[in-house]
Amino acid sequence: MAKFAVILPAAGRSSRFKDKHYKKPFAMLGGRAVWLHSAERFINRDDVIQTIVAISPDDRETFHFKFGSNAAILGIDVVEGGAERADTVAAALARVKADADFVCVHDAARPCLVDTWIDTIFQAAERSDAAIFAIPVAGTLKRVATDRKIEETVSRTNLWEAQTPQVFRRQLLLDAYANRDGFQATDEAQLVERLGRPVTVVVGSPINMKITTREDLRLAEQALRALPKPKLNRPDHPFAGDDMWR
């Protein structure tokens, strides 16, 4: 059985979330933090040997106060990320166990996952070395100038919106980051593409949404009620239902 390490980037600035108490991965969703919902889908899988959450150095003290017990009990490694996403993932990638065959990167603020979706993307990566979830762009796209005037309508033909999880053979992702040269990719697939290596797209779901604004929390709460719950055999999370940041 292939072995997977999982990286959950949670070091972003959350500038669009607009909450003075929380950054989006740490906001409460259905009684526990957003990032814990994401982590729960991976920590109990037999094929996952390591789960890493990467946080901002600015959040270190608060994170350990609020979630240190959760991370310890659930066996989650905590690393400090960088100023940009690629820097954050690079810091976590340096901590991935050498016996991991594949690395899965999943947004900590993307909590609405289903176990069978993870099965699908893991299997796709095993077949092709690199696989991501994405959905076809459905809306009409406009290119807009700085004065908010439309410049053109952009064809959506063959355009897809990337999601996570994104899963890569470990050495391939290491090579992609070694070749980065300071390039600030917005997802891991972009770095693999720069190597000239193919990345397989697996059709994702609109339910697999990323929390960006506070309104997204309400949508995610409804989605979580409809999705099957993860199967957890580990002790319950301490403080999971406590809102200690307000």
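Which residues are linked in a network of salt bridges? In this predicted model, the network is made up of Arg-85, Asp-107, Arg-110 and Glu-188. The structure as a whole holds 15 salt bridges, and three further pairs are described below together with the aromatic and surface features.

The protein contains 7 helices and 11 strands. Of its 246 residues, 48% count as buried. The exposed area of the protein is about 12300 Å², of which carbon and sulfur atoms supply 48%. Among contacts between residues at least 6 apart in sequence, 76% join residues at least 24 apart.

Helix H1 is mostly covered, with 10 of its 10 residues buried. Its buried residues include the charged side chains Glu-40 and Arg-41 as well as Trp-35, Leu-36, Phe-42 and Ile-43. Two of these residues, Trp-35 and Arg-41, recur in the contacts that follow.

A pair of aromatic rings is described by the distance of the centres and the angle of the planes. The count of aromatic pairs comes to 7. In the pair of Trp-35 and Phe-63, the ring centres are 5.4 Å apart and the planes stand at 45°, so the pair is tilted; planes under 30 degrees apart would count as stacked and those over 60 as edge-to-face. This pair links distant parts of the chain, since Trp-35 belongs to helix H1 (residues 34-43) and Phe-63 to helix H2 (residues 60-74), 28 residues apart. Both Trp-35 and Phe-63 are buried. Trp-35 also forms an aromatic pair with Phe-67, which is edge-to-face, with 5.6 Å from centre to centre and 85° between the planes. Here too helix H1 is linked to helix H2, with Trp-35 and Phe-67 lying 32 residues apart. Phe-67 is buried, as is Trp-35. Together with Phe-26, the residues Trp-35, Phe-63 and Phe-67 form one aromatic cluster.

Side chains of opposite charge can pair when their charged atoms come close. Asp-115 forms a salt bridge with Arg-41, with 3.2 Å between the closest N and O atoms. The bridge links Asp-115 in helix H4 (residues 115-128) to Arg-41 in helix H1, 74 residues apart. Arg-41 is buried at a relative accessible area of 5%, whereas Asp-115 is partly exposed at 25%.

A second bridge joins Arg-180 and Asp-87, whose closest N and O atoms are 3.1 Å apart. Arg-180 lies in the loop between helix H5 (170-178) and helix H6 (188-194) and Asp-87 in helix H3 (residues 85-93), so the pair ties together parts that are 93 residues apart in sequence. Arg-180 counts as buried at 11% relative accessibility, and Asp-87 as partly exposed at 22%.

In a third bridge, between Asp-129 and Arg-169, the closest N and O atoms are 2.8 Å apart. Asp-129 lies in the loop between H4 and strand S7 (130-136), and Arg-169 in strand S10, so parts that are 40 residues apart in sequence are tied together. Both partners are partly exposed: Asp-129 has a relative accessibility of 22% and Arg-169 a relative accessible area of 32%.

Arginine also takes part in a contact with an aromatic ring: the charged end of Arg-194 sits over the ring of Phe-183, 4.2 Å from its centre. On the surface, Trp-160, Val-201 and Val-203 form a nonpolar patch with about 280 Å² of accessible area together. Within this patch, Trp-160 is placed in strand S10 (residues 160-169) and is partly exposed, with a relative accessible area of 41%.

Methods: Residues numbered from 1 in each chain as written. Predicted model: local features only at pLDDT ≥ 70, side-chain atom pairs only at ≥ 80, totals over all residues. Heavy atoms only, no water. Phe/Tyr/Trp six-rings, centres within 6.5 Å; stacked < 30°, edge-to-face > 60°. Helix = DSSP H or I, 4+ residues; strand = E, 2+ residues; numbered from the N terminus. Buried < 20%, exposed > 50% of the residue type's maximum accessible area, 1.4 Å probe, protein only. Lys NZ or Arg CZ within 6 Å of the ring centre and 35° of its normal. Patch = residues over 30% accessible without salt bridge, like charges linked within 9 Å, V, L, I, M, F, W, Y side chains within 5 Å. Areas by Shrake-Rupley, 256 points an atom, 1.4 Å probe, with all protein chains shown as cover. Salt bridge = Lys/Arg side-chain N within 4 Å of Asp/Glu carboxyl O. Contact = heavy atoms within 4.5 Å.
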